[in-house]
Amino acid sequence: MKAINLDGTIKTYTSIPKFWGNVVGGFNTLSDSDLETYGFYDVVTPSYNSNTQELGAIEWDADNSVFTYPIKNKTFAQSLVELKAQKIANLKHSYGIELKETDWVIIRDQELGNTTDSDILSLRATLRSDCATHESSINSKTTKVQVADYSLPNFI
């Protein structure tokens, strides 16, 4: 991606225009150094933690001759308690989906009076235990950033 400062407004381009100024065609085929003579420079998106940070408005980085975005810490509208409740609800939803995969076995065995396979019972107990461990970990967090940055398990 390239950008140019046009009278104080930075405009980004995912593709360079074919025509620009007095260049009637082939502007998009110019080398990076030639594009820079017209004011087109690379846009660099810095690495950041999207859970706790966000990108500000694009700006010129004169030291590196690139356009980039400043990184700002997120401001959370929810209280710490609300963030924890939301994170725990997402956690329980994920574990609920995993438990649902074997719910039919439990229901079938209860209806038919069968003994449920110990591997399934063990798996379900492990899932419930893991969920409780994560919930305790979330509840032990003391800042909004810690809660927002807590990674939930990925079952996919």
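**Entry 1: aromatic pairs**

I searched the whole structure, which is a predicted model, for aromatic pairs and found nine. I then examined Tyr13 and Trp20, whose ring centres are 6.1 Å apart and whose planes stand at 90°, so I recorded this pair as edge-to-face. Planes over 60 degrees apart count as edge-to-face.

I next asked whether each of these two residues is buried or exposed. Tyr13 has a relative accessibility of 13% and therefore counts as buried. Trp20, with a relative accessible area of 21%, is partly exposed.

Trp20 also forms an aromatic pair with Phe40. I noted 4.9 Å from centre to centre and 80° between the planes, and this pair is edge-to-face as well. I looked up where the two residues lie: Trp20 is in the loop between β2 (9-13) and α1 (32-37), and Phe40 is in the loop between α1 and β3 (41-44). The pair therefore ties together parts that are 20 residues apart in sequence. Phe40 has a relative accessible area of 0% and is buried.

Which residues do ring pairs link into a cluster here? I listed Tyr13, Trp20, Phe27, Tyr38 and Phe40.

**Entry 2: helix α2**

I turned to helix α2, which covers residues 80-112. At 1.5 Å a residue, its 33 residues should span 48 Å; I found its end C-alpha atoms 46 Å apart, which agrees. I also looked for a bend and found one of about 45° at Thr102. Just after α2, Gly113 takes a positive phi of about 75°.

I then listed the buried residues of α2. In the part before the bend residue they include Leu83, Lys84, Lys87, Ile88, Leu91, Tyr95, Glu98 and Leu99. Thr102 itself is buried, and so are Val105, Ile106 and Asp109. As background, an α-helix has 3.6 residues a turn, so residues three or four places apart point the same way. What covers the buried residues of α2? I found that the cover includes α3 (118-139) and α4 (144-149).

**Entry 3: Glu98**

I selected one charged residue of helix α2, Glu98, for a separate check. Which side chain of opposite charge is nearest to Glu98, and how far away is it? It is Arg124, at 10 Å. Glu98 is buried yet has no salt bridge, and a salt bridge requires a side-chain nitrogen within 4 Å of a carboxyl oxygen.

I finally looked up the contacts of Glu98, leaving aside its neighbours within four places in sequence. Glu98 is in contact with Leu127 and Phe155.

Definitions and conventions: Residues are numbered from 1 along each chain as its sequence is written. This is a predicted model: local features need pLDDT of at least 70, side-chain atom pairs count only at pLDDT 80 or more; totals for chains, interfaces and linings use all residues. Side-chain values use heavy atoms; hydrogens and water are left out. Helices (H or I, at least four residues) and strands (E, at least two) are DSSP runs, numbered from the N terminus. The expected span of a helix is 1.5 Å times one less than its number of residues. The bend at a residue is the angle between axes fitted to the seven residues ending there and the seven starting there. Buried means under 20% relative accessible area, exposed over 50%, partly exposed in between (1.4 Å probe, protein chains only). Contact means heavy atoms within 4.5 Å. Lys and Arg count as positive and Asp and Glu as negative; His and the chain ends are not counted. Rings of Phe, Tyr and Trp (its six-membered ring) pair if their centres lie within 6.5 Å; planes under 30 degrees apart count as stacked, over 60 as edge-to-face and the rest as tilted.
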